[in-house]
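Work through the exercises below with the model open. Try each task before reading its solution.

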Amino acid sequence: MKTRVYKREVHYYECDGMGITHHSNYIRFMEEARIDWMDQLGYGFDKMEAEGVVSPVVGLTCDYKHSTRFKDLIEIELSVASMSRLKLTFSYVMRVGEKVVCTATSTHCFMENGRPVSLETRFPAFYALITE
């Protein structure tokens, strides 16, 4: 399951005084989609963290195309852009209807006890799901 669509509605508190979704919320939307994706694979962040593995963000891009507003339904298409033994990069395309409102990427490494860890070695089944 390399690609997944996550849907979420813009909440009132996520909008600024002009009624437009504040730009910082798109980063949170990406995190929600990523958490949902990993949960669907059976390797949620809570499970990994319980086993001592964390996944910090090491890179991020976000290109805003169109504004969104309160009650807009954003569909976030999340896919794996690239994968190495130590890093995983996700790609996001956010749409309201047919209109692309934002494109983005996030890159993550995986660490255990403050040291990089290979997903291929530490979670081979998860690694196989991503790379198949």
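**Exercise 1. The hairpin and its neighbour**

Task: Find how many residues join β4 to β5 in the hairpin. Then determine how strand β1 pairs with strand β4.

Solution:
- Start at the turn. Three residues link β4 to β5 in a hairpin. The model is a predicted one.
- Count the ladder. β4 and strand β5 (residues 87–96) run antiparallel and share eight bridges.
- Move to the other partner. Strand β1 (residues 3–9) pairs with strand β4 (residues 73–83) through seven bridges, again in the antiparallel sense.
- Pick a residue of β4 and look both ways. Glu77 in β4 stands opposite Val5. In β5, Glu77 has Val93 as its bridge partner.

**Exercise 2. A three-stranded sheet**

Task: Give the strand order of the open sheet that holds β2, β7 and β8. Which strands stand at the edges?

Solution:
- Read off the order. The sheet runs β2-β7-β8, with antiparallel pairing.
- Count partners. β2 (53–54) and β8 (115–116) each have a single partner strand, so one side of each lacks a neighbour in the sheet. These two are the edge strands.
- Check one pairing. Strand β7 (residues 111–112) and β8 are antiparallel and joined by two bridges. Glu112 faces Arg115 of β8 across this pairing.

**Exercise 3. The surroundings of Val117**

Task: Locate Val117 in the chain. Is Val117 buried or exposed?

Solution:
- Place the residue. Val117 lies in the loop between β8 and α3 (119–122).
- Apply the cut-off. Buried means under 20% relative accessible area. Val117 has 11% relative accessibility, so it counts as buried.
- List the contacts, setting aside neighbours within four places in sequence. Val117 touches Val53, Arg85, Leu86, Phe110, Met111, Glu112 and Arg122.
- Follow one contact along the chain. Val53 and Val117 are 64 residues apart, with 8.1 Å between their C-alpha atoms.

**Exercise 4. Two helices that cross**

Task: Describe how α1 and α4 are oriented to each other. Which residues of α1 and α4 meet?

Solution:
- Take the geometry. The axes of helix α1 (residues 25–41) and helix α4 (residues 124–131) come within 11 Å and cross at roughly 115°.
- Classify the angle. Angles of 65 to 115 degrees count as roughly perpendicular. α1 and α4 are therefore roughly perpendicular to each other.
- Add the hand. The crossing of α1 past α4 is right-handed.
- Name the residues. Trp37, Met38 and Leu41 of α1 meet Phe126, Leu129 and Ile130 of α4.
- Sort them by class. The contact of α1 with α4 has six nonpolar residues, no polar and no charged ones.

Note on methods:
Residues are numbered from 1 along each chain as its sequence is written. This is a predicted model: local features need pLDDT of at least 70, side-chain atom pairs count only at pLDDT 80 or more; totals for chains, interfaces and linings use all residues. Side-chain values use heavy atoms; hydrogens and water are left out. Two strands pair if DSSP finds at least two bridges between them. Helices (H or I, at least four residues) and strands (E, at least two) are DSSP runs, numbered from the N terminus. Buried means under 20% relative accessible area, exposed over 50%, partly exposed in between (1.4 Å probe, protein chains only). Contact means heavy atoms within 4.5 Å. Axes are lines fitted to C-alpha atoms, for helices over the stretch in contact, and angles run from 0 to 180 degrees between N-to-C directions. Angles under 35 degrees count as roughly parallel, over 145 as roughly antiparallel, 65 to 115 as roughly perpendicular and the rest as oblique. A crossing is left-handed if the near helix is turned anticlockwise from the far one by less than a right angle, and right-handed if clockwise. Ala, Val, Leu, Ile, Met, Phe, Trp, Tyr, Cys and Pro count as nonpolar, Asp, Glu, Lys and Arg as charged, and the others, Gly among them, as polar.
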